[in-house]
Amino acid sequence: MTVFGQESRDQFARSYPEVPHKLSHSLADEPRLTLDALAGLASQLPAESVEYNRGDLPIGVDGKPAPNGLTIEDTIRRIAESDSWAVLKNIEQVPAYRDLLVDLLEELRPVIESRTGPMLTPQGYVFISSPNAVTPYHFDPEHNILLQLTGTKVMTQFPAGDPAFAPDTVHESYHLGGPRELSWDDTLAKGGTPFELDPQEAVYVPVMAPHFVRNGPASSISLSITWRSEWSYAEAAARCFNGSLRQRGFAPKAPGRWPHANRAKSLAWRVMRRLGAGGA
């Protein structure tokens with residue numbers, strides 16, 4: 001049985017890779033995604049693949065949010081009252097979850113590869129959130145579909161590649177090893193598009209599209225399936241190249257969004273890295 005129906009696959013084909021949009025899915029009652037199963041998954045993942053923090057956060061934070069004082073297993077099992085949000089990263093490290101990720105992405109592979117070439121580095125993330133928890137304003141380097149499984153949430157997205165919402169210097173800093181959290185100002189709010197997600201709904205997030213998430217009045221589980229493309233890797237390398245130039249006093253032009261390939265700057269960065277001239 002397919003998880004993404006024909007209407008959703010058609011919508012994805014019309015919109016990928018640059019237009020955010022909602023989809024429907026049928027990933028309900030999946031035994032690998034219950035709270036108990038996810039607490040067990042957390043215990044199997046390495047420490048660097050588990051992040052959990054307080055949920056009573058503002059939209060904008062300075063650096064990584066503070067921890068909540070619980071273990072990850074307790075955070076997940078008590079999510080309804082722990083006032084937290086947790087993310088289990090790279091769930092494909094565990095075979096049963098790798099199978100789940102592969103099955104989902106295979107349904108979309110024909111569209112993905114016809115537009116942006118080979119599907120690279122598939123990864124999965126599970127988000128477990130307390131009622132009203134906030135995931136602060138940030139961006140991510142992958143093509144991403146967030147599937148809502150239980151509870152509700154609102155993801156507010158902002159235009160990818162627009163320096164009004166994420167300055168070029170912040171992109172460069174991130175790709176050179178800095179944080180993904182972004183500075184927030186309330187004047188940015190009018191530029192956002194809210195996507196309300198109920199169970200069996202999903203939203204596509206373009207590469208590096210700034211966004212924040214506010215959970216609904218009940219605890220929530222969401223699954224994020226992500227992949228990279230040659231274009232996304234070239235854009236990242238071009239940002240690194242620009243950051244290196246900026247450190248040397250230049251004011252480089254931002255990389256182009258898809259379908260611009262950014263090959264010259266990407267290649268230049270790789271050469272610089274080989275020569276040990278990349279800086280940081």
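Of the 280 residues in this protein, 51% count as buried. Keep in mind that what you have here is a predicted model. On the secondary structure side, you're looking at seven helices and 11 strands. Below is a quick tour of the overall build, then two helices, then some backbone oddities.

**Overall build**

- For 280 residues, a compact globule would have a radius of gyration near 19 Å, and the protein agrees, because its own value is 19 Å.
- If you want a box for the C-alpha atoms, roughly 50 × 40 × 40 Å along the principal axes will do.
- Take the contacts between residues at least 6 apart in sequence: 84% of them join residues at least 24 apart.

**Surface and charge**

- About 12,500 Å² of the protein is exposed, and carbon and sulfur atoms supply 53% of that area.
- The protein has 27 positive and 33 negative charges, and the mean positions of the two sets sit 9 Å apart.

**Helix H1**

- H1 covers residues 6-15, and its buried residues are Ser8, Phe12 and Ser15.
- Those three are on the same side of H1, because they cover an arc of only 75° around the axis.
- As a reminder, an α-helix has 3.6 residues a turn, so residues three or four places apart point the same way.
- Glu7 and Arg14 are exposed, and they're carried on the face of H1 turned away from its buried side.
- So what covers the buried residues of H1? The cover includes helix H4 (95-116) along with the strands E1 (21-24), E6 (143-150), E9 (201-205) and E11 (220-228).

**Helix H2**

- In H2, which runs over residues 35-44, the buried set includes two leucines, Leu38 and Leu41, and two alanines, Ala39 and Ala42.
- Looking down the axis of H2, the buried residues fall within an arc of 160°, so they line one face of the helix.
- Over on the other side of H2 you'll find Asp36 and Gln44, both exposed.
- Which elements do the buried residues of H2 pack against? They pack against the helices H3 (72-77) and H4, plus the strands E2 (50-54), E3 (84-89), E4 (120-129) and E11.
- H4 and E11 turn up in both stories: they help cover the buried residues of H1, and the buried residues of H2 pack against them too.

**Cis peptide bonds**

- Tyrosine 16 and proline 17 are joined by a cis peptide bond, with omega at about 10°.
- That proline 17 lies in the loop between H1 and E1.
- Another cis bond runs from tryptophan 258 to proline 259, where omega is near 15°.
- As for where proline 259 sits, look in the loop between helix H6 (230-247) and helix H7 (263-275).

**Positive phi outside glycine**

- Threonine 121 isn't a glycine, yet its phi is positive, near 50°.
- You'll find threonine 121 in strand E4.
- Is threonine 121 buried or exposed? Its relative accessible area is 33%, which means it counts as partly exposed.
- Asparagine 132 isn't a glycine either, and its phi is also positive, at about 65°.
- Asparagine 132 has its place in the loop between E4 and strand E5 (134-138).

Note on methods
Residues numbered from 1 in each chain as written. Predicted model: local features only at pLDDT ≥ 70, side-chain atom pairs only at ≥ 80, totals over all residues. Heavy atoms only, no water. Helix = DSSP H or I, 4+ residues; strand = E, 2+ residues; numbered from the N terminus. Rg over C-alpha atoms; globule rule 2.2 N^0.38 Å. Buried < 20%, exposed > 50% of the residue type's maximum accessible area, 1.4 Å probe, protein only. Contact = heavy atoms within 4.5 Å. Areas by Shrake-Rupley, 256 points an atom, 1.4 Å probe, with all protein chains shown as cover. Lys, Arg positive; Asp, Glu negative; His and termini not counted. Charge placed at Lys NZ, Arg CZ, Asp CG, Glu CD. Arc of directions from axis to C-beta.
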